[in-house]
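Please read the following alongside the sequence and the coordinates. The text goes through helix packing, strand pairing and backbone angles in turn.

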Amino acid sequence: MSATDPQMTASQVLHIFHRDEAILFLGAAFVTVSIIAAALCVIRRKADALLLWLAVFALLYGNRLWLWSGLLALIVPHSKLFLDLRATMSFVVAVPAFFFFQAAGFIGRWGKQIAFAMTSVMACLVVGTLVYGPRQIFQDVNNIVIVAGLLMLLVWSIRHKADRDFVIVRRGLVIFVCLALWDNIAGRLWVASRLEPYGFALFLGTLGYVAARRTIQQEQELGEIQKELEVAWSIQLSIMPQAFPYSPNFKVAARYVPMTSVAGDFYDFVVTDETEAGLLIADVSGHGVPAALIASMVKMAATSQRANAANPAQLLTGMNATLCGNTQSQFVTAAYVYLDARAGELRYAAAAHPPLLLLRDGEVREVVENGLMLAAFDSASYSSVVHPLAPGDRLVLYTDGIVEAEDGREEQFGPVRLCSLVRESAGMSPAEIADLILAAVERWSVRQDDDRTLLVCDYVGTSKT
C-alpha cells in the first residue's frame with residue numbers, strides 16, 4: 001500500500017509519520033555525525049582511520065533506518081531495486097564497525113583478520129540477495145554473525161585488561177547489544193520493538209567520544225613533535241655556518257634545502273682566512289631525525305680534524321675513524337676541498353661522493369678522487385689529488401639530491417644538466433648561480449625525495465702574500 005493508494009487516508013499517513021518520527025530524526029542525526037567526522041578528516045588533511053570508519057558506520061546505519069522506515073516505504077514503490085537495497089544495507093552496516101574496532105585496537109592482534117572475515121561473510125550475503133532476492137535465511141545468517149561477533153567482542157573485553165577508552169565503548173556496546181537482542185526476540189515472539197536505534201545512538205556516542213579524544217590526543221602529540229622538530233631544526237642550523245667570512249681571495253655561497261624539517265645533509269667551512277679555505281660537504285644515508293643526529297656527529301668528527309685541514313686525505317681518514325661504530329649502520333658520503341691562495345693550488349679528497357665541478361675558462365671538468373664511504377669500514381683509506389688554482393676558477397660541491405632529482409617520467413636531473421648550468425654561470429655571482437641551480441632542480445622534479453645541499457666557491461685570486 002502506498003501514499004497514493006486511495007484507501008490510505010491522511011490520518012493513516014500522519015500516524016505512520018508520527019510512529020517513525022524518532023527513527024527518522026535518529027537517521028538524520030547519524031548521517032550528520034558521519035558528515036562531521038568526514039569533514040574533520042578533510043579539514044585536518046589527514047585520513048584518520050577512526051574518524052573515517054566512524055563516518056562510514058554512522059552513514060550506513062542512518063541510511064538503514066531511513067530505508068526501513070514505514071514512511072519511505074509509502075513514498076518509494078516496492079521495486080526489486082528498493083527491496084534489494086534495503087536488505088543489503090542491513091548486511092553491510094556492521095562491517096565498518098569492526099574495522100573501527102580494529103583501528104582502535106579493541107579486538108587484539110587478530111583484529112584485521114576478524115574484520116576481513118566479517119566483510120567476506122557480508123559480501124556473500126549481499127551477492128546472494130542480488131542474485132536470489134531478499135531471503136529470511138540471509139537475514140538470519142546476518143543476525144547470527146553480528147550477534148556472535150559482538151558477543152565475542154564483549155567476552156574478549158572482559159577477559160583482557162581494557163583501557164579507559166574501551167571501558168566506555170564496552171558500556172555503550174552492552175546496551176546496544178542488549179536492545180538489539182531484545183528487538184529480535186520480541187519481534188519474533190511477541191510484538192515488534194524498535195529500541196535498537198536508541199541503543200545505537202548511545203553506542204555511536206561512545207565511539208564518537210573515543211574517536212574525538214584520540215584525535216585531540218594525536219593533535220597534541222603532533223604539536224609536541226612539531227615543537228621538538230623546530231628545536232632540532234634550530235640546533236641543526238646552528239651547527240652549520242651561516243655565511244662564509246669575508247675574504248679577498250674566496251667568495252662562497254651555501255644553500256641547504258632539507259627534504260623534511262631536519263635532514264642528513266651537512267656542510268662546514270673547516271678553515272677560513274685570507275689565504276686558505278677548507279670546504280666540507282657530507283650526506284648521511286636516510287632522512288629525517290636519524291640522519292640529522294648522524295650529521296651532528298659528522299660536525300664533531302670534522303671539528304676534531306681541523307689540525308688536518310690542509311690534508312684532505314688525512315682529514316677524511318680521521319673522520320672515518322671517529323664515526324666507525326657510532327652511526328648505527330648508517331654511512332656517510334663526503335667531499336673536502338682545501339684551497340691555498342698562497343700556493344695557488346687545491347687539494348681534494350672524497351668518500352663515495354659526487355665529484356667536484358671546476359669551471360675554468362668556460363669549461364667544466366669533474367675532479368674525482370673517491371674512496372670508500374665514511375663510517376662503513378675501519379680500514380678505509382683516502383688519498384688526495386692536487387690541482388693548480390687559477391684566478392677566476394669556480395668550484396661546485398653538491399649532494400646527490402640535486403643530480404638525482406626526478407621528473408614525472410622518473411628521469412634524473414643528472415650531472416650533464418648541472419654542468420651545463422655551471423658552464424653558463426660565468427657572469428653570475430656564487431649566490432646567483434646557487435639559486436639558479438636550485439630553482440632549475442625544483443622546476444625539474446615533481447617532488448623532493450632527498451635533501452639538497454650546494455656549495456659554490458669562486459677563487460678571486462686578488463691577494464697573494
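Helices α2 and α5 are roughly antiparallel to each other, because an angle over 145 degrees counts as such and theirs is about 160 degrees. In this predicted model, α2 spans residues 49-67 and α5 spans residues 95-104, and their axes lie 8 Å apart. The crossing of α2 with α5 is left-handed. On the α2 side, the contact is made by Ala49, Leu50, Trp53, Leu54, Val56, Phe57 and Leu60. Facing them from α5 are Pro96, Ala97, Phe99, Phe100, Ala103 and Ala104. By class, the residues of this contact are 13 nonpolar, with no polar and no charged ones.

Helix α2 also holds arginine 64. Is this arginine buried or exposed? Arginine 64 has a relative accessible area of 18% and is therefore buried, since the cut-off for that class is under 20%. Apart from neighbours within four places in sequence, arginine 64 is in contact with Met89, Ser90, Val93 and Glu196.

A second helix pair is formed by α10, residues 288-303, and α11, residues 312-323. The axes of α10 and α11 come within 9 Å and cross at roughly 130 degrees, which makes α10 oblique to α11. The crossing of α10 and α11 is right-handed. Which residues make the contact? From α10 they are Met297, Val298, Ala301 and Ala302, and from α11 they are Met319, Thr322 and Leu323. The contact of α10 with α11 comprises 6 nonpolar residues, 1 polar residue and no charged residue.

The next topic is strand pairing. Strand β11 covers residues 452-459, and 8 of its 8 residues are buried. In a regular strand, side chains alternate between the two faces of the sheet. Both faces of β11 are covered. Arg452, Leu454, Val456 and Asp458 are buried on one side, and Thr453, Leu455, Cys457 and Tyr459 are buried on the other.

Which strands pair with β11? Strand β1, residues 250-257, pairs with β11 in the antiparallel sense over 8 bridges. Within that pairing, alanine 254 stands opposite leucine 455 of β11. Strand β10, residues 394-398, is joined to β11 by 5 bridges, and these two strands also run antiparallel. Here leucine 395 has cysteine 457 of β11 as its bridge partner. Leucine 455 and cysteine 457 both belong to the same listed side of β11.

The last topic is the backbone. Most residues other than glycine have a negative phi. Alanine 375 has a positive phi, near 75 degrees. Alanine 375 lies in the loop between β8, residues 370-371, and β9, residues 385-388. With a relative accessibility of 11%, alanine 375 counts as buried.

Glutamate 410 is another residue other than glycine with a positive phi, in this case near 65 degrees. Where is glutamate 410 placed? It is in the loop between α12, residues 400-403, and α13, residues 414-423. Glutamate 410 has a relative accessible area of 62% and is therefore exposed, as the class begins over 50%. Of these two loop residues with positive phi, alanine 375 is thus buried, whereas glutamate 410 is exposed.

How values were computed:
Residues numbered from 1 in each chain as written. Predicted model: local features only at pLDDT ≥ 70, side-chain atom pairs only at ≥ 80, totals over all residues. Heavy atoms only, no water. Axes fitted to C-alpha atoms, helices over the stretch in contact; angles between N-to-C directions. Helix = DSSP H or I, 4+ residues; strand = E, 2+ residues; numbered from the N terminus. Parallel < 35°, antiparallel > 145°, perpendicular 65-115°, else oblique. Left-handed = near helix turned anticlockwise from the far one by under 90°. Contact = heavy atoms within 4.5 Å. Nonpolar A, V, L, I, M, F, W, Y, C, P; charged D, E, K, R; others polar. Buried < 20%, exposed > 50% of the residue type's maximum accessible area, 1.4 Å probe, protein only. Pairing = 2+ DSSP bridges.
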